[in-house]
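Subject: Structure handover

Hello,

Here is the structure I promised you. Please open it beside this email and follow along.

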Amino acid sequence: DGSAEAARALEWAADLASLTGAEIAAVTVFDAGPYMSWGMAPVYELDFEQLRAGLRNDLDSWCEPLRSRGVAHHPVVREGSAAAELLKEADSVPTDLIVVGSRGRGGFRELLLGSVAHHVTQHSKHPVVVLPRPAVRAEAETAATAKEVATA
């Protein structure tokens with residue numbers, strides 16, 4: 001998803017793949033749901049094909065750590081729920097390991113529905129590695145949240 005945690009997960013996977021000769025499917029997911037209307041006036045008029053093309057370009061740049069290490073990989077853009085699509089992709093190709101970051105860009109929706117990492121670990125048929133946030137960043141986010149609560 002382009003988050004710092006996703007980048008760390010990709011770097012970790014790239015390091016592992018360069019040691020083992022594994023191939024990586026670098027997956028990103030576009031969820032059109034928030035942009036769709038539920039029978040009311042259109043929320044947004046978006047060109048979804050243009051958004052998909054932009055996401056493919058982003059994924060290509062996010063895969064630079066794989067290219068720089070000479071790791072065999074293929075970028076995959078899927079549409080739907082991030083966790084469900086990650087699991088579908090893992091089930092559709094030979095998969096030895098799923099690597100995800102502990103937090104992404106889920107925001108408020110993540111608080112309501114649960115994180116992608118949590119869902120993947122609970123429902124995967126494959127081993128999963130969840131890379132935690134760096135301690136310094138986690139502590140800073142916790143302090144910022146505590147400050148917001150105290151001033152509210």
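Let's begin with helix H1. Its buried residues are Glu5, Ala9, Leu10, Ala13, Ala14 and Ala17. An α-helix has 3.6 residues a turn, so residues three or four places apart point the same way. Keep in mind throughout that this is a predicted model.

H1 has 17 residues. From its first C-alpha to its last it reaches 24 Å, close to the 24 Å expected at 1.5 Å a residue. After the helix comes Gly21. The phi of Gly21 is positive, near 80°.

Now look just ahead of the helix. Ser3 sits in the segment before H1. Is Ser3 buried or exposed? Its relative accessibility is 6%, so Ser3 counts as buried, the cut-off being under 20%. The side chain of Ser3 reaches the backbone nitrogen of Ala6, at 3.1 Å.

**The whole chain**

The protein has 152 residues, and 26% of them count as buried. There are seven helices and four strands. Along the sequence they follow the pattern α-β-α-α-β-α-β-α-α-β-α. Try tracing that order on screen.

The accessible surface comes to about 9,800 Å². Carbon and sulfur atoms hold 57% of that surface.

Next, the contacts. Take those with a separation of 6 or more: 73% of them join residues 24 or more positions apart.

**The cores**

Which residues make up the largest nonpolar core? There are 10: Leu10, Ala13, Ala14, Ala17, Ile24, Ala26, Leu59, Cys63, Leu66 and Val71. Helix H1 (4-20) and strand E1 (24-30) each supply at least two of them. H1 gives the largest share, with four residues.

Ala26 is a good place to zoom in. Set aside its neighbours within four places in sequence. Ala26 is then in contact with Leu59, Cys63, Leu66, His74, Pro75 and Val76.

There is also a second, separate core. This one has eight residues, among them Ala83, Leu87, Ala117 and Val120.

**Charged pairs**

Side chains of opposite charge can pair when their charged atoms come close. How many salt bridges does the structure hold? The count is nine. Here are some to find.

- Arg69 pairs with Asp15, and their closest N and O atoms are 2.8 Å apart. This bridge links distant parts of the chain, 54 residues apart. Arg69 is in the loop between helix H3 (64-68) and strand E2 (73-79), while Asp15 is in H1. Arg69 has 30% relative accessibility, so it counts as partly exposed. Asp15 is partly exposed too, with a relative accessible area of 37%.

- Arg52 pairs with Glu79, with 2.6 Å between the closest N and O atoms. Arg52 lies in helix H2 (residues 48-62) and Glu79 in strand E2, so this pair ties together parts that are 27 residues apart in sequence. Arg52 counts as partly exposed at 22% relative accessibility. Glu79 counts as partly exposed at 37%.

- Asp60 pairs with Arg67, and the closest N and O atoms are 3.3 Å apart. Asp60 is partly exposed, at 43% relative accessibility. Arg67 is partly exposed as well, with a relative accessible area of 36%.

- Arg78, Glu85, Lys88 and Glu89 are linked in a network of salt bridges.

**One loop residue**

Where is Arg103? Look in the loop between strand E3 (98-101) and helix H5 (107-113). Why does Arg103 count as partly exposed? Its relative accessibility is 37%, and partly exposed covers values between the buried cut-off, under 20%, and the exposed one, over 50%. Now find Pro132. Arg103 and Pro132 are 29 residues apart along the chain. Their C-alpha atoms are separated by 7.9 Å.

**To recap**

H1 supplies four residues to the largest core. H1 also holds Asp15, the partner of Arg69. Strand E2 holds Glu79, the partner of Arg52. Start with those when you open the model.

Best wishes

Definitions and conventions. Residues numbered from 1 in each chain as written. Predicted model: local features only at pLDDT ≥ 70, side-chain atom pairs only at ≥ 80, totals over all residues. Heavy atoms only, no water. Core = buried A, V, L, I, M, F, W, Y, C linked by side-chain atoms within 4.5 Å. Buried < 20%, exposed > 50% of the residue type's maximum accessible area, 1.4 Å probe, protein only. Helix = DSSP H or I, 4+ residues; strand = E, 2+ residues; numbered from the N terminus. Contact = heavy atoms within 4.5 Å. Areas by Shrake-Rupley, 256 points an atom, 1.4 Å probe, with all protein chains shown as cover. Polar contact = N/O pair within 3.5 Å; in protein donor to acceptor, adjacent residues only side chain to side chain. Salt bridge = Lys/Arg side-chain N within 4 Å of Asp/Glu carboxyl O. Expected span 1.5 Å × (residues − 1).
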